[in-house]
Amino acid sequence: MMAGSFCPITAMSTVSTTKTERIDVRASSAVKQLLQDAARTRHKSVSEFLLDAGITAATQALADRHRFVLDDAAWQAFQDALDRPVQDKPRLRQLLRERGALD
C-alpha cells in the first residue's frame, strides 16, 4: 500500500484538551441562535460545538490533500494517469471561460 504521511487531529475532544488559544467569531443574531440551539441538542457549549465542527471540517478539507491509500493496482493506475501527456479538452476550456452562477 502507498500512502502520504499526515496525522491530523482527528478524534480530539474539546472537553479534555488543554486550550491556550482564543478564536473570535462574529455572527448575526440569527446565526448565533442557530448555533446555540444546535449546541444544546448535543449537550455542548457553543464553543465546544463550534470547535468540534471546525476540527471535523478542517480534517476533512485537509485529508484529500495529505493522505490517501491505494492498493498496488490502483497505485499503478494512478501513476500511469499522472504520467500520461496532457490532452487538450476543448469543452473543459470553454466551460472555464464561461461566467459562473456566482460571478
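Where do Trp75 and Phe78 both lie, and how many residues apart are they? They lie in helix H3, three residues apart, which is about one turn of the helix. The legends below return to this pair after an overview of the model, which is predicted.

**View 1. The whole chain, a predicted model with four helices and two strands.** Read along the sequence, the elements of the protein chain follow the pattern β-α-α-β-α-α. Of the 103 residues in the chain, 7% are buried. Among the contacts with a separation of 6 or more, 68% join residues that are 24 or more positions apart. The mean pLDDT of the chain is 84, and 83% of its residues reach 70 or more.

**View 2. The start of the chain, where pLDDT stays under 50 over residues 1–8.** Strand E1, formed by residues 2–3, has the lowest mean pLDDT among the elements of the chain, at 45, whereas helix H1 has the highest, at 97. For residues 1–8 the model has 19 contacts beyond four places in sequence. A general caution applies to this view, since predicted coordinates should not be read in detail where pLDDT is low.

**View 3. Helix H1 and the salt bridge between Asp37 and Arg40.** The end C-alpha atoms of H1 are 18 Å apart, which agrees with the 18 Å that its 13 residues should span at 1.5 Å a residue. Asp37 and Arg40 form a salt bridge in which the closest N and O atoms are 3.0 Å apart. Because these two residues are three residues apart in helix H1, they are separated by about one helical turn. In general, an α-helix has 3.6 residues a turn, so residues three or four places apart point the same way. Asp37 counts as partly exposed, because its relative accessibility is 32%.

**View 4. His43, in the loop between helix H1 (29–41) and helix H2 (46–66).** Just after H1, His43 takes a positive phi of about 60°, although this residue is not a glycine. As a general point of comparison, most residues other than glycine have a negative phi. Is His43 buried or exposed? With a relative accessibility of 75%, His43 counts as exposed, because the cut-off for that class is over 50%.

**View 5. Two further salt bridges, Asp52 with Lys44 and Asp24 with Arg22.** By the rule used here, the count for the model comes to four salt bridges. Between Asp52 and Lys44, the closest N and O atoms are 2.2 Å apart. The two partners fall into separate accessibility classes: Asp52 is buried, with a relative accessible area of 17%, while Lys44 counts as partly exposed at 32% relative accessibility. Asp52 is called buried because its value of 17% is under 20%. Between Asp24 and Arg22, the closest N and O atoms are 3.1 Å apart. Here Asp24 counts as exposed at 62% relative accessibility, and Arg22 is exposed as well, with a relative accessible area of 72%.

**View 6. Ser47 in helix H2, shown together with Ile23.** Ser47 and Ile23 are 24 residues apart in sequence, and their C-alpha atoms are 9.5 Å apart in space. Ser47 is exposed, because its relative accessible area of 56% is over 50%.

**View 7. Helix H3 (residues 72–83), its N-terminal cap and its aromatic pair.** H3 has 12 residues and reaches 16 Å from its first C-alpha to its last, close to the 16 Å expected at 1.5 Å a residue. Asp71 caps the N-terminal end of H3, with a side-chain oxygen lying 3.2 Å from the backbone nitrogen of Ala73. By the rule used here, the count comes to one aromatic pair. This pair is formed by Trp75 and Phe78, whose rings are 5.6 Å apart, centre to centre, with 40° between the planes, and the pair is described as tilted. The pair is called tilted because its angle of 40° is neither under 30 degrees, as for stacked rings, nor over 60, as for edge-to-face rings. Trp75 is partly exposed, with a relative accessible area of 23%, and Phe78 is also partly exposed, with a relative accessible area of 32%.

Technical notes
Residues are numbered from 1 along each chain as its sequence is written. This is a predicted model: local features need pLDDT of at least 70, side-chain atom pairs count only at pLDDT 80 or more; totals for chains, interfaces and linings use all residues. Side-chain values use heavy atoms; hydrogens and water are left out. The expected span of a helix is 1.5 Å times one less than its number of residues. A polar contact is a pair of N or O atoms within 3.5 Å; within protein, one must be able to donate a hydrogen and the other to accept it, and residues adjacent in sequence count only if both atoms are side-chain atoms. Buried means under 20% relative accessible area, exposed over 50%, partly exposed in between (1.4 Å probe, protein chains only). Rings of Phe, Tyr and Trp (its six-membered ring) pair if their centres lie within 6.5 Å; planes under 30 degrees apart count as stacked, over 60 as edge-to-face and the rest as tilted. A salt bridge is a side-chain nitrogen of Lys or Arg within 4 Å of a carboxyl oxygen of Asp or Glu. pLDDT is the predictor's confidence in each residue, from 0 to 100. Contact means heavy atoms within 4.5 Å.
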